[in-house]
Amino acid sequence: MALPPGFAQEGTTMSHSPSTKRAVAVAAASLTALALSGTAVQAAAPDPTLRSEAPRDLKIGSAVWGQRDLLDHDRKNPTEFQQILAAEFDSLTPENDMKWAEIHPEPDVYDFSGADALMEFAQANGQEVRGHTLLWHSQNPDWVTEAAETWTCDEARDVLEDHVRTVVGRYAGDIYEWDVANELIQDEWDAGGVQLRTEANPFLKSCSEDPVGLIGDVFRWTHEEDPDSVLFLNDYNAEGINAKTDAYYALAQELLADGVPLHGFGAQGHLSLQYGFDESMQANFERFADLGLKVAVTEADVRMPLGEDGEPTPEQIALQAERYDKMLQACLNVASCTSFTVWGFDDGRSWVPDVFPEGYATIMTEDYEKKPAYDVLLEGLTDATPGKSPRTPPGLNT
Ligand code: XIL
(Lines give C-alpha, C1' and ligand atoms only; values in the text may rest on other atoms or scores of the structure.)
Protein backbone atom coordinates (compact mmCIF):
# COMPACT_ATOMS: atom_id res chain seq x y z
CA MET A 1 0.00 0.00 0.00
CA ALA A 2 1.48 3.34 -0.96
CA LEU A 3 1.99 6.08 1.55
CA PRO A 4 -0.10 9.15 0.95
CA PRO A 5 1.45 11.77 -1.26
CA GLY A 6 3.62 14.32 0.41
CA PHE A 7 4.53 12.26 3.41
CA ALA A 8 8.18 12.28 4.23
CA GLN A 9 10.08 9.02 4.12
CA GLU A 10 13.57 8.68 5.37
CA GLY A 11 16.02 6.15 6.73
CA THR A 12 14.66 3.34 8.79
CA THR A 13 12.81 5.20 11.49
CA MET A 14 10.18 7.81 10.99
CA SER A 15 11.10 11.13 12.47
CA HIS A 16 8.34 13.46 13.50
CA SER A 17 10.70 16.23 14.39
CA PRO A 18 10.39 19.64 12.76
CA SER A 19 13.59 18.91 10.93
CA THR A 20 11.94 16.10 8.96
CA LYS A 21 11.42 18.13 5.82
CA ARG A 22 15.00 19.38 5.80
CA ALA A 23 16.34 15.86 6.34
CA VAL A 24 14.25 14.54 3.47
CA ALA A 25 15.36 17.34 1.21
CA VAL A 26 18.98 16.48 1.99
CA ALA A 27 18.34 12.77 1.41
CA ALA A 28 16.60 13.50 -1.88
CA ALA A 29 19.47 15.72 -2.99
CA SER A 30 22.03 13.03 -2.28
CA LEU A 31 19.95 10.42 -4.13
CA THR A 32 19.85 12.71 -7.13
CA ALA A 33 23.59 13.25 -6.89
CA LEU A 34 24.18 9.49 -6.77
CA ALA A 35 21.87 8.90 -9.72
CA LEU A 36 23.60 11.59 -11.73
CA SER A 37 26.95 10.06 -10.95
CA GLY A 38 25.72 6.81 -12.49
CA THR A 39 25.87 4.78 -9.31
CA ALA A 40 23.07 2.23 -8.96
CA VAL A 41 20.79 3.34 -6.20
CA GLN A 42 18.88 0.89 -4.06
CA ALA A 43 16.35 3.16 -2.45
CA ALA A 44 15.62 2.55 1.19
CA ALA A 45 12.22 1.00 1.74
CA PRO A 46 9.76 3.46 3.18
CA ASP A 47 9.08 3.13 6.85
CA PRO A 48 6.13 0.94 7.65
CA THR A 49 3.11 2.67 9.09
CA LEU A 50 -0.09 1.29 10.56
CA ARG A 51 -1.93 1.77 7.28
CA SER A 52 0.84 0.33 5.15
CA GLU A 53 0.95 -2.84 7.27
CA ALA A 54 -2.78 -3.49 7.59
CA PRO A 55 -3.72 -6.91 6.24
CA ARG A 56 -6.63 -7.73 3.91
CA ASP A 57 -8.99 -4.78 3.57
CA LEU A 58 -8.82 -3.82 7.25
CA LYS A 59 -8.95 -0.05 7.69
CA ILE A 60 -6.85 1.57 10.42
CA GLY A 61 -8.45 4.74 11.66
CA SER A 62 -8.14 7.66 14.00
CA ALA A 63 -10.70 10.12 15.27
CA VAL A 64 -9.91 13.70 14.35
CA TRP A 65 -11.73 16.91 15.12
CA GLY A 66 -11.83 18.73 11.79
CA GLN A 67 -13.01 22.01 13.28
CA ARG A 68 -9.99 22.08 15.60
CA ASP A 69 -7.24 20.40 13.63
CA LEU A 70 -7.97 20.43 9.91
CA LEU A 71 -9.43 23.84 9.00
CA ASP A 72 -5.89 25.13 8.45
CA HIS A 73 -4.94 22.19 6.22
CA ASP A 74 -2.68 23.24 3.39
CA ARG A 75 -1.86 20.32 1.09
CA LYS A 76 1.58 21.69 0.32
CA ASN A 77 2.41 22.48 3.90
CA PRO A 78 0.64 20.13 6.31
CA THR A 79 1.29 20.42 10.02
CA GLU A 80 3.24 17.66 11.73
CA PHE A 81 -0.02 16.37 13.22
CA GLN A 82 -1.58 16.25 9.77
CA GLN A 83 1.44 14.47 8.30
CA ILE A 84 1.21 11.71 10.88
CA LEU A 85 -2.56 11.46 10.50
CA ALA A 86 -2.11 10.99 6.77
CA ALA A 87 0.77 8.56 7.02
CA GLU A 88 -0.52 6.25 9.72
CA PHE A 89 -4.25 6.00 9.05
CA ASP A 90 -6.48 5.19 6.11
CA SER A 91 -9.75 5.88 7.89
CA LEU A 92 -10.91 8.98 9.76
CA THR A 93 -13.80 9.42 12.17
CA PRO A 94 -15.03 12.93 12.92
CA GLU A 95 -14.48 13.21 16.66
CA ASN A 96 -17.21 15.85 16.99
CA ASP A 97 -17.88 17.42 13.60
CA MET A 98 -20.89 15.32 12.62
CA LYS A 99 -22.55 15.29 16.01
CA TRP A 100 -25.85 17.12 16.22
CA ALA A 101 -24.58 20.03 18.36
CA GLU A 102 -21.82 20.83 15.86
CA ILE A 103 -23.44 20.14 12.52
CA HIS A 104 -27.00 21.28 13.30
CA PRO A 105 -26.67 23.95 16.01
CA GLU A 106 -30.02 25.68 15.32
CA PRO A 107 -33.24 24.35 13.81
CA ASP A 108 -32.55 25.91 10.42
CA VAL A 109 -28.78 26.10 10.59
CA TYR A 110 -26.38 23.42 9.49
CA ASP A 111 -22.65 23.99 9.92
CA PHE A 112 -20.69 21.66 7.70
CA SER A 113 -17.35 23.43 8.02
CA GLY A 114 -15.60 20.91 10.27
CA ALA A 115 -17.03 17.87 8.50
CA ASP A 116 -16.20 19.29 5.08
CA ALA A 117 -12.61 19.96 6.13
CA LEU A 118 -12.33 16.38 7.32
CA MET A 119 -13.77 14.98 4.07
CA GLU A 120 -11.35 17.08 2.03
CA PHE A 121 -8.39 15.96 4.10
CA ALA A 122 -9.44 12.34 3.72
CA GLN A 123 -9.76 12.67 -0.04
CA ALA A 124 -6.39 14.40 -0.31
CA ASN A 125 -4.75 11.54 1.56
CA GLY A 126 -6.53 8.50 0.16
CA GLN A 127 -8.46 7.89 3.36
CA GLU A 128 -11.98 6.68 3.98
CA VAL A 129 -14.39 8.12 6.51
CA ARG A 130 -16.59 6.59 9.22
CA GLY A 131 -19.62 8.77 9.94
CA HIS A 132 -20.37 9.47 13.61
CA THR A 133 -23.25 9.78 14.65
CA LEU A 134 -26.97 10.33 13.92
CA LEU A 135 -28.87 9.18 16.99
CA TRP A 136 -27.28 9.69 20.40
CA HIS A 137 -28.33 10.94 23.83
CA SER A 138 -25.28 13.19 24.16
CA GLN A 139 -23.96 16.33 22.42
CA ASN A 140 -27.35 17.38 21.16
CA PRO A 141 -27.98 21.12 20.73
CA ASP A 142 -30.11 22.90 23.31
CA TRP A 143 -32.92 23.41 20.82
CA VAL A 144 -33.29 19.62 20.55
CA THR A 145 -33.17 18.84 24.25
CA GLU A 146 -35.60 21.67 24.99
CA ALA A 147 -38.02 20.74 22.24
CA ALA A 148 -37.97 17.12 23.37
CA GLU A 149 -39.90 18.19 26.47
CA THR A 150 -42.95 18.91 24.34
CA TRP A 151 -42.47 17.05 21.03
CA THR A 152 -45.03 14.57 19.87
CA CYS A 153 -43.47 11.46 18.38
CA ASP A 154 -44.40 12.65 14.87
CA GLU A 155 -42.68 15.98 15.44
CA ALA A 156 -39.53 14.31 16.74
CA ARG A 157 -39.54 11.87 13.83
CA ASP A 158 -39.82 14.66 11.29
CA VAL A 159 -36.90 16.58 12.78
CA LEU A 160 -34.79 13.43 12.97
CA GLU A 161 -35.62 12.35 9.42
CA ASP A 162 -34.79 15.76 8.02
CA HIS A 163 -31.45 15.75 9.87
CA VAL A 164 -30.50 12.23 8.78
CA ARG A 165 -31.39 12.82 5.13
CA THR A 166 -29.56 16.17 5.08
CA VAL A 167 -26.34 14.99 6.72
CA VAL A 168 -26.16 11.52 5.17
CA GLY A 169 -27.27 12.86 1.79
CA ARG A 170 -24.54 15.49 1.74
CA TYR A 171 -21.76 12.94 2.13
CA ALA A 172 -23.43 10.02 0.36
CA GLY A 173 -20.93 7.80 -1.43
CA ASP A 174 -18.02 9.12 0.63
CA ILE A 175 -18.69 7.47 3.99
CA TYR A 176 -17.94 3.76 4.04
CA GLU A 177 -19.36 3.13 7.52
CA TRP A 178 -21.82 5.07 9.65
CA ASP A 179 -22.22 4.82 13.41
CA VAL A 180 -25.91 5.40 12.88
CA ALA A 181 -26.93 4.90 16.48
CA ASN A 182 -24.56 5.49 19.39
CA GLU A 183 -24.83 4.31 22.99
CA LEU A 184 -28.47 3.28 22.79
CA ILE A 185 -28.33 0.94 25.76
CA GLN A 186 -27.56 1.64 29.42
CA ASP A 187 -25.15 -0.32 31.58
CA GLU A 188 -25.90 -2.68 34.41
CA TRP A 189 -24.77 -0.04 36.92
CA ASP A 190 -27.07 2.68 35.55
CA ALA A 191 -30.37 3.42 37.29
CA GLY A 192 -32.89 1.10 35.71
CA GLY A 193 -30.20 -1.33 34.56
CA VAL A 194 -29.64 -2.58 31.04
CA GLN A 195 -32.33 -1.08 28.84
CA LEU A 196 -32.73 1.42 26.01
CA ARG A 197 -31.81 4.97 27.01
CA THR A 198 -35.35 6.07 26.37
CA GLU A 199 -35.33 8.82 29.01
CA ALA A 200 -31.97 10.37 28.11
CA ASN A 201 -32.29 10.30 24.33
CA PRO A 202 -34.57 13.14 23.19
CA PHE A 203 -35.85 11.24 20.16
CA LEU A 204 -36.44 7.93 21.87
CA LYS A 205 -38.10 9.79 24.71
CA SER A 206 -40.54 11.44 22.34
CA CYS A 207 -41.31 8.07 20.76
CA SER A 208 -41.17 5.98 23.91
CA GLU A 209 -44.10 3.84 22.80
CA ASP A 210 -42.05 2.31 20.01
CA PRO A 211 -38.40 3.29 20.33
CA VAL A 212 -37.19 0.27 18.35
CA GLY A 213 -39.45 1.29 15.48
CA LEU A 214 -37.79 4.72 15.45
CA ILE A 215 -34.30 3.21 15.62
CA GLY A 216 -35.17 1.03 12.64
CA ASP A 217 -36.37 4.04 10.68
CA VAL A 218 -33.12 5.93 11.30
CA PHE A 219 -31.27 3.01 9.73
CA ARG A 220 -33.76 2.95 6.83
CA TRP A 221 -33.40 6.68 6.11
CA THR A 222 -29.62 6.40 6.26
CA HIS A 223 -29.64 3.44 3.90
CA GLU A 224 -31.94 5.21 1.45
CA GLU A 225 -29.63 8.21 1.33
CA ASP A 226 -26.40 6.20 1.12
CA PRO A 227 -27.05 2.62 0.00
CA ASP A 228 -23.36 1.61 -0.04
CA SER A 229 -22.53 2.64 3.50
CA VAL A 230 -22.21 -0.07 6.15
CA LEU A 231 -24.52 0.89 9.01
CA PHE A 232 -23.48 0.28 12.62
CA LEU A 233 -24.78 0.19 16.15
CA ASN A 234 -21.96 1.44 18.39
CA ASP A 235 -21.32 1.52 22.14
CA TYR A 236 -18.80 1.42 24.99
CA ASN A 237 -18.56 -1.44 27.47
CA ALA A 238 -19.46 -3.49 24.43
CA GLU A 239 -16.20 -5.37 23.95
CA GLY A 240 -16.93 -8.58 25.80
CA ILE A 241 -19.96 -10.77 26.29
CA ASN A 242 -21.95 -9.10 29.06
CA ALA A 243 -25.50 -8.06 29.90
CA LYS A 244 -25.24 -4.98 27.70
CA THR A 245 -23.96 -6.81 24.64
CA ASP A 246 -26.57 -9.52 25.24
CA ALA A 247 -29.15 -6.73 24.94
CA TYR A 248 -27.47 -5.52 21.74
CA TYR A 249 -27.49 -9.03 20.39
CA ALA A 250 -31.24 -9.23 21.01
CA LEU A 251 -31.79 -5.76 19.53
CA ALA A 252 -29.77 -6.65 16.43
CA GLN A 253 -31.82 -9.80 15.95
CA GLU A 254 -35.04 -7.84 16.32
CA LEU A 255 -33.97 -5.18 13.84
CA LEU A 256 -32.76 -7.75 11.32
CA ALA A 257 -36.02 -9.71 11.68
CA ASP A 258 -37.86 -6.46 10.86
CA GLY A 259 -35.81 -6.10 7.68
CA VAL A 260 -33.88 -3.08 8.99
CA PRO A 261 -30.66 -2.36 7.06
CA LEU A 262 -28.39 -2.94 10.03
CA HIS A 263 -24.95 -4.08 8.92
CA GLY A 264 -22.51 -3.73 11.77
CA PHE A 265 -21.76 -3.73 15.47
CA GLY A 266 -19.03 -1.48 16.83
CA ALA A 267 -17.24 -1.84 20.15
CA GLN A 268 -15.80 1.55 21.06
CA GLY A 269 -12.88 0.13 23.01
CA HIS A 270 -12.52 2.85 25.64
CA LEU A 271 -10.57 0.85 28.22
CA SER A 272 -9.03 1.81 31.54
CA LEU A 273 -6.23 -0.02 33.31
CA GLN A 274 -8.35 0.28 36.45
CA TYR A 275 -10.42 -2.58 35.11
CA GLY A 276 -9.51 -5.93 33.66
CA PHE A 277 -9.72 -6.92 30.02
CA ASP A 278 -12.68 -9.02 28.99
CA GLU A 279 -11.14 -11.95 27.15
CA SER A 280 -14.48 -12.75 25.51
CA MET A 281 -14.05 -9.87 23.04
CA GLN A 282 -13.31 -12.13 20.09
CA ALA A 283 -16.19 -14.46 20.97
CA ASN A 284 -18.46 -11.43 21.23
CA PHE A 285 -17.39 -10.24 17.79
CA GLU A 286 -17.92 -13.74 16.45
CA ARG A 287 -21.50 -13.94 17.66
CA PHE A 288 -22.38 -10.65 15.94
CA ALA A 289 -20.52 -11.79 12.82
CA ASP A 290 -22.60 -14.97 12.90
CA LEU A 291 -25.69 -12.78 12.59
CA GLY A 292 -24.23 -11.63 9.28
CA LEU A 293 -22.97 -8.33 10.68
CA LYS A 294 -19.62 -6.63 10.23
CA VAL A 295 -17.83 -5.73 13.44
CA ALA A 296 -15.31 -2.99 14.25
CA VAL A 297 -13.24 -1.46 17.02
CA THR A 298 -14.37 2.13 16.67
CA GLU A 299 -12.82 4.31 19.40
CA ALA A 300 -9.89 2.52 21.02
CA ASP A 301 -7.94 4.12 23.80
CA VAL A 302 -6.49 2.78 27.05
CA ARG A 303 -6.40 5.28 29.90
CA MET A 304 -4.89 4.93 33.36
CA PRO A 305 -4.67 6.74 36.68
CA LEU A 306 -1.38 8.61 36.87
CA GLY A 307 0.77 9.46 39.86
CA GLU A 308 1.38 12.99 41.11
CA ASP A 309 4.11 13.50 38.54
CA GLY A 310 1.55 12.78 35.82
CA GLU A 311 3.70 9.95 34.48
CA PRO A 312 2.77 6.30 33.97
CA THR A 313 4.87 3.52 35.49
CA PRO A 314 6.78 1.10 33.22
CA GLU A 315 4.25 -1.58 34.21
CA GLN A 316 1.34 0.62 33.13
CA ILE A 317 3.04 1.38 29.82
CA ALA A 318 3.53 -2.33 29.17
CA LEU A 319 -0.01 -3.21 30.20
CA GLN A 320 -1.43 -0.50 27.99
CA ALA A 321 0.39 -1.97 25.01
CA GLU A 322 -0.99 -5.39 25.87
CA ARG A 323 -4.57 -4.07 25.98
CA TYR A 324 -4.27 -2.36 22.61
CA ASP A 325 -2.84 -5.57 21.24
CA LYS A 326 -5.72 -7.64 22.59
CA MET A 327 -8.28 -5.39 20.97
CA LEU A 328 -6.42 -5.51 17.68
CA GLN A 329 -6.10 -9.29 17.82
CA ALA A 330 -9.83 -9.69 18.49
CA CYS A 331 -10.43 -7.71 15.32
CA LEU A 332 -7.75 -9.44 13.24
CA ASN A 333 -9.04 -12.85 14.23
CA VAL A 334 -12.56 -12.18 13.01
CA ALA A 335 -12.79 -11.94 9.24
CA SER A 336 -15.83 -9.65 9.46
CA CYS A 337 -13.89 -7.00 11.37
CA THR A 338 -13.65 -4.10 8.94
CA SER A 339 -11.90 -1.36 10.84
CA PHE A 340 -9.77 -0.64 13.89
CA THR A 341 -9.95 3.00 14.94
CA VAL A 342 -8.14 4.80 17.76
CA TRP A 343 -9.90 7.75 19.40
CA GLY A 344 -7.14 10.18 18.58
CA PHE A 345 -3.50 9.14 18.35
CA ASP A 346 -1.73 11.72 20.53
CA ASP A 347 -2.14 12.49 24.22
CA GLY A 348 -2.14 16.22 23.54
CA ARG A 349 -5.52 15.95 21.82
CA SER A 350 -7.05 13.09 23.76
CA TRP A 351 -10.51 13.59 25.25
CA VAL A 352 -9.55 11.50 28.29
CA PRO A 353 -8.05 14.09 30.70
CA ASP A 354 -11.08 16.34 30.17
CA VAL A 355 -13.48 13.63 31.25
CA PHE A 356 -11.65 11.18 33.53
CA PRO A 357 -9.07 11.61 36.30
CA GLU A 358 -6.79 9.55 34.07
CA GLY A 359 -4.50 10.02 31.11
CA TYR A 360 -1.78 8.60 28.82
CA ALA A 361 -4.56 6.95 26.83
CA THR A 362 -3.36 7.14 23.24
CA ILE A 363 -0.57 5.52 21.23
CA MET A 364 1.72 8.57 21.03
CA THR A 365 2.80 11.19 23.55
CA GLU A 366 1.90 14.81 23.06
CA ASP A 367 5.24 15.18 21.25
CA TYR A 368 4.23 12.37 18.87
CA GLU A 369 6.70 9.98 20.37
CA LYS A 370 5.51 6.46 19.67
CA LYS A 371 4.66 4.44 22.74
CA PRO A 372 5.05 0.66 23.06
CA ALA A 373 1.31 0.59 22.34
CA TYR A 374 2.04 1.93 18.85
CA ASP A 375 4.80 -0.65 18.37
CA VAL A 376 2.59 -3.58 19.27
CA LEU A 377 -0.11 -2.41 16.87
CA LEU A 378 2.42 -2.10 14.07
CA GLU A 379 3.85 -5.51 14.89
CA GLY A 380 0.43 -7.09 15.14
CA LEU A 381 -0.54 -5.74 11.75
CA THR A 382 2.76 -6.75 10.18
CA ASP A 383 2.56 -10.29 11.55
CA ALA A 384 -0.99 -10.57 10.29
CA THR A 385 0.14 -10.00 6.74
CA PRO A 386 1.13 -13.39 5.41
CA GLY A 387 3.48 -13.40 2.48
CA LYS A 388 3.44 -9.67 2.06
CA SER A 389 6.16 -8.63 -0.34
CA PRO A 390 8.72 -6.09 0.77
CA ARG A 391 7.53 -2.60 0.07
CA THR A 392 9.40 -0.75 -2.63
CA PRO A 393 8.74 2.91 -3.21
CA PRO A 394 6.92 3.36 -6.50
CA GLY A 395 9.17 4.51 -9.31
CA LEU A 396 12.39 3.84 -7.45
CA ASN A 397 12.91 0.19 -8.43
CA THR A 398 16.35 -0.55 -9.72
C1 XIL B 1 -15.99 12.58 22.81
C2 XIL B 1 -15.01 13.53 22.13
O3 XIL B 1 -13.79 12.88 21.98
C4 XIL B 1 -14.85 14.80 22.95
O5 XIL B 1 -14.07 15.75 22.25
C6 XIL B 1 -16.20 15.40 23.27
O7 XIL B 1 -16.04 16.51 24.13
C8 XIL B 1 -17.09 14.36 23.95
O9 XIL B 1 -17.20 13.22 23.10
N10 XIL B 1 -18.00 7.87 22.95
C11 XIL B 1 -18.28 8.41 21.72
C12 XIL B 1 -17.58 9.63 21.28
O13 XIL B 1 -19.03 7.81 20.94
O14 XIL B 1 -18.35 10.42 20.42
C15 XIL B 1 -17.06 10.45 22.44
O16 XIL B 1 -16.25 11.51 21.93
C17 XIL B 1 -16.30 9.58 23.40
C18 XIL B 1 -17.18 8.49 23.95
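A residue is called buried here when its relative accessible area is under 20%. With that cut-off in hand, a walk through this predicted model can begin at helix H6, which covers residues 113-124. Buried positions in H6 are Gly114, Ala115, Ala117, Leu118, Met119, Phe121, Ala122 and Ala124. The length of the helix also fits expectation: at 1.5 Å a residue, its 12 residues should span 16 Å, and the C-alpha atoms at its ends are indeed 16 Å apart. Just past H6 comes Gly126, whose phi is positive, at about 60°.

The nonpolar interior is the next stop. The largest nonpolar core of the model holds 98 residues, and those with the most contacts inside it are Leu184, Phe203, Leu233, Phe340, Phe345 and Ile363. Helix H13 provides the largest share of this core, with seven residues. Phe345 gives a closer view of such surroundings: beyond its neighbours within four places in sequence, Phe345 is in contact with Ser62, Phe81, Ile84, Leu85, Phe89, Thr362, Ile363, Met364 and Tyr368. Ile363, one of these partners, is itself listed among the core residues with the most contacts.

Helix H13 also leads to Pro312, which is found in the loop that runs between strand S8 (294-303) and H13 (314-332). Pro312 has a relative accessibility of 12% and therefore counts as buried, since the cut-off is 20%. Setting aside neighbours within four places in sequence, the contacts of Pro312 are Met304, Leu306, Ile317 and Tyr360. For Tyr360, 48 residues separate the pair in sequence, while the C-alpha atoms of Pro312 and Tyr360 are 7.2 Å apart in space.

Methods
Residues numbered from 1 in each chain as written. Predicted model: local features only at pLDDT ≥ 70, side-chain atom pairs only at ≥ 80, totals over all residues. Heavy atoms only, no water. Helix = DSSP H or I, 4+ residues; strand = E, 2+ residues; numbered from the N terminus. Buried < 20%, exposed > 50% of the residue type's maximum accessible area, 1.4 Å probe, protein only. Contact = heavy atoms within 4.5 Å. Expected span 1.5 Å × (residues − 1). Core = buried A, V, L, I, M, F, W, Y, C linked by side-chain atoms within 4.5 Å.
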